[in-house]
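Here's a quick briefing to read alongside the model. Have the sequence and the 3D view open, and we'll go through it topic by topic.

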Amino acid sequence: MLELRNLSFTIEKDGDLIDLVHDICLNLPRGHFTAIVGPSGCGKTTLLKTIAGLNIESAGEIHWMGRNSFEHGDLMPNEFGYVPQFSIAYDQLTVEESIECASRLRVRAWGRDARDEIIDRALEQTGMTDIADRRVSVLSGGQKRRLGLAMELVANPPLLLADEVTSGLDPRSEDEIVHRLADLAHEQNRTVISVTHSLANLQLYDSIIVLYAGCLAYHGPPSAMPHYFSVDHAEDVYPALAKREPAQWHASWKKHRRFYYDKLDLPLPLSPALDTDHLEASGEQTDTAPLLEEGDDTTALEATDQKPTATDEGAEKPDTQELAQEKQESAPSEESDTEAALSDTQALTCLDEAPESDEESEKIAKLPGILAQFLLVLTRRFKIFFRDRTTLILHAAILIGFPLLVALFTIEGVEPIKKYGESTAATGFEQMQAEIEVRESSLQSGSFVSGLIMFQVVLLSLMGANNSAREVAGERDIFEKEKLGGLRPFSYLASKLVFLTLLVVAQSTWMGVFVEYFWPIPGNFLSHLLMLLMVNGAMTAVCLGISSMMKSADQANLLSIYLVGFQLPLSGAILALPGFLEPLVRPFISAYWSWSGSVMSLNDGYRQAVQTVSETELSPHTLCLIFLGIHIAAGLTMGILGLRKNLWQH
Ligand SMILES: Nc1ncnc2c1ncn2[C@@H]1O[C@H](COP(=O)(O)OP(=O)(O)OP(=O)(O)O)[C@@H](O)[C@H]1O
């Protein structure tokens, strides 16, 4: 049983507290299929998110299988499935691959057969077997919603929350999805809550929850709903709602709900907000017995067999037998369905014991370990990378183009450098002559060497930003959904690190080696290469941190571009910074530390030539490494903090 007791979610707006969900009390048994309906903006999604534990500041109690989630923690990832409004699959994967990924992220299974069994069942339950090989990018809206459903069903959750899975669908697709949801509830003893705008197919639901401005206006059988609102058809309920204040509907529902709960064959929800002394005095049990509230005149109503309406007492004679029969027909047999719930999936997969509950203990699928999740996300990342042609071409163009650009600049500037280098090999008069020539061009050489190194550094910084600015922000919705389903942020971050490290190593090494071919660096090549790796790594890590912190990919991109844009002017390599600014800014400029460290790797003569043209002081090689290391660590810290944040957007 899912029980909501005085559930509220309040936000502060312009100094006022606003209840987006207000004091909701309701009970939903296993095997029950319910719809949440109500005008746009009335809090349907907010209620669903609050049940899922996404609105952590909520008040009241959620009891699931007798366990109070506010005392014992939120529902566990595999205890419920949440199908959001947005697509939770990657366009580059196929339907089957998406379901397999979801299954590997959420369920431990021994052997290929067990895994195939889970995938095949999810495909079958959602009617997607025939399009298993199809890419997500070409699926229709309805197919994407069914895929979202399939990706939740892999964990065989006893509670399924579906947010507008029928919106925007044609009547036939809508009808099909609602039937499937009903089957998932009735045939497998699941509690299914579906938020919907549509008032079609209401007869397929066991009960309807009507919300109005965050208040519960009705929860009862679909056939009794028009009567309760004193209208002829379900479609007329929304206009009727507007005729009274939400608080009036709330009070009215509290007054009459027992009658409708009886029709649903459900106990009234407990209400911890009420005074228990009063209950004890009235002889009612305070633990499990349905609670009579002030104003509840259900005894009288039952005696007269009257079905109360919200507008009240002049109710027509109700057809309670019809309601009772409906319920009997649609209600699942508890025992047989419990057995059905222990389906093959559970027999084949590892099961976790949910915390002891008063009602019953539930077997739920066990989450895979951190390493298994890491390997899955990493493999998936590479698959997506190699299938995304546009990104692949962009990366290849940058990888080849940027070093080529640097190499082009070496053609003209390399001569004075050569002379400078040759001067150390010559002897006697020739040496003197060469040195005079080189000294004459030392200014030119210094600026060339400094410029060439800074050019490499800035281009690698740009590559770093390009590597990671969208890496998390671009798929945040999917990550948030997978986090809700049990993906550990650490596994996700680790997969990003491995993927991005490979990019950084490939880009930096290729840049260093390619340019070295045209202009062998006069100094320690490996030390220079290390600086190139570190600056690319630092910028990649910092932009990954930004990407994890930002709500949208555009924000992350913009901030990363600004960050790279400021590297060159604030490095001091072109123009020295004003004295007061230097100590404030320098610690944060990766390009300065990489440039300075690379210049320190040069032979003495070249280093001096750079010092001649630059007023900016160089720092020791080791200090440069330390600062770049700190930048990488800071980026990763931002990354883990950002991933832990709840950035659920919808
Ligand atoms: N975290 C939040 N902070 C501020 N306002 C919020 C928050 N979450 C929801 N809202 C607001 O609460 C109201 C209810 O939103 P919700 O998405 O639950 O409505 P809904 O009934 O699902 O609407 P629709 O049918 O249009 O999808 C809206 O006005 C929305 O802007």
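Which residues are around the ligand? In this predicted model, they are Ile11, Leu20, Gly38, Ser40, Gly41, Cys42, Gly43, Lys44, Thr45, Thr46 and His197. After the ligand shell, we'll turn to strand 9, then one helix residue, then confidence.

**The ligand shell**
- Helix 1, spanning residues 44-52, supplies the largest share of the shell, with three residues.
- By residue type, the shell splits into seven polar, three nonpolar and one charged.

**Strand 9 and its partners**
- Take strand 9 next, residues 207-212: it's mostly covered, with six of its six residues buried.
- That goes for both faces, since Ser207, Ile209 and Leu211 are buried on one side, and Ile208, Val210 and Tyr212 are buried on the other.
- The general pattern behind such a split is that side chains in a regular strand alternate between the two faces of the sheet.
- Strand 3 (residues 33-37) runs parallel to strand 9, and four bridges join the two.
- Strand 10 (residues 215-220) runs antiparallel to strand 9, with five bridges joining them.
- Val210 is a handy landmark here: its bridge partner is Val37 on the strand 3 side, and Tyr218 in strand 10.
- Strands 9 and 10 form a hairpin with two residues between the strands, and Ala213 there takes a positive phi near 45 degrees.

**A residue in helix 26**
- Ile630 sits in helix 26, which covers residues 621-644.
- Is Ile630 buried or partly exposed? Ile630 counts as partly exposed because it has 15 other C-beta atoms within 10 Å, while being buried would take 20 or more.
- Ser560 is 70 residues away from Ile630 in sequence, and the C-alpha to C-alpha distance between them is 18 Å.

**How far to trust it**
- The chain has a mean pLDDT of 82, and 81% of its residues come in at 70 or more.
- For the complex, the predictor reports an ipTM of 0.96 and a pTM of 0.81.
- Over residues 313-350 the pLDDT stays under 50, and the model has 60 contacts for this stretch beyond four places in sequence.
- Residues 352-361 also have pLDDT below 50, with 20 contacts in the model beyond near neighbours in sequence.
- Where pLDDT is low, the predicted coordinates shouldn't be read in detail.

Notes: Residues are numbered from 1 along each chain as its sequence is written. This is a predicted model: local features need pLDDT of at least 70, side-chain atom pairs count only at pLDDT 80 or more; totals for chains, interfaces and linings use all residues. A residue is near a molecule or strand if its C-beta atom, placed from the backbone, lies within 6 Å of it. Ala, Val, Leu, Ile, Met, Phe, Trp, Tyr, Cys and Pro count as nonpolar, Asp, Glu, Lys and Arg as charged, and the others, Gly among them, as polar. A residue is buried if 20 or more other C-beta atoms lie within 10 Å of its own, exposed if 12 or fewer, and partly exposed in between; C-beta atoms are placed from the backbone. Two strands pair if DSSP finds at least two bridges between them. pLDDT is the predictor's confidence in each residue, from 0 to 100. Two residues are in contact if their C-beta atoms, placed from the backbone, lie within 7 Å.
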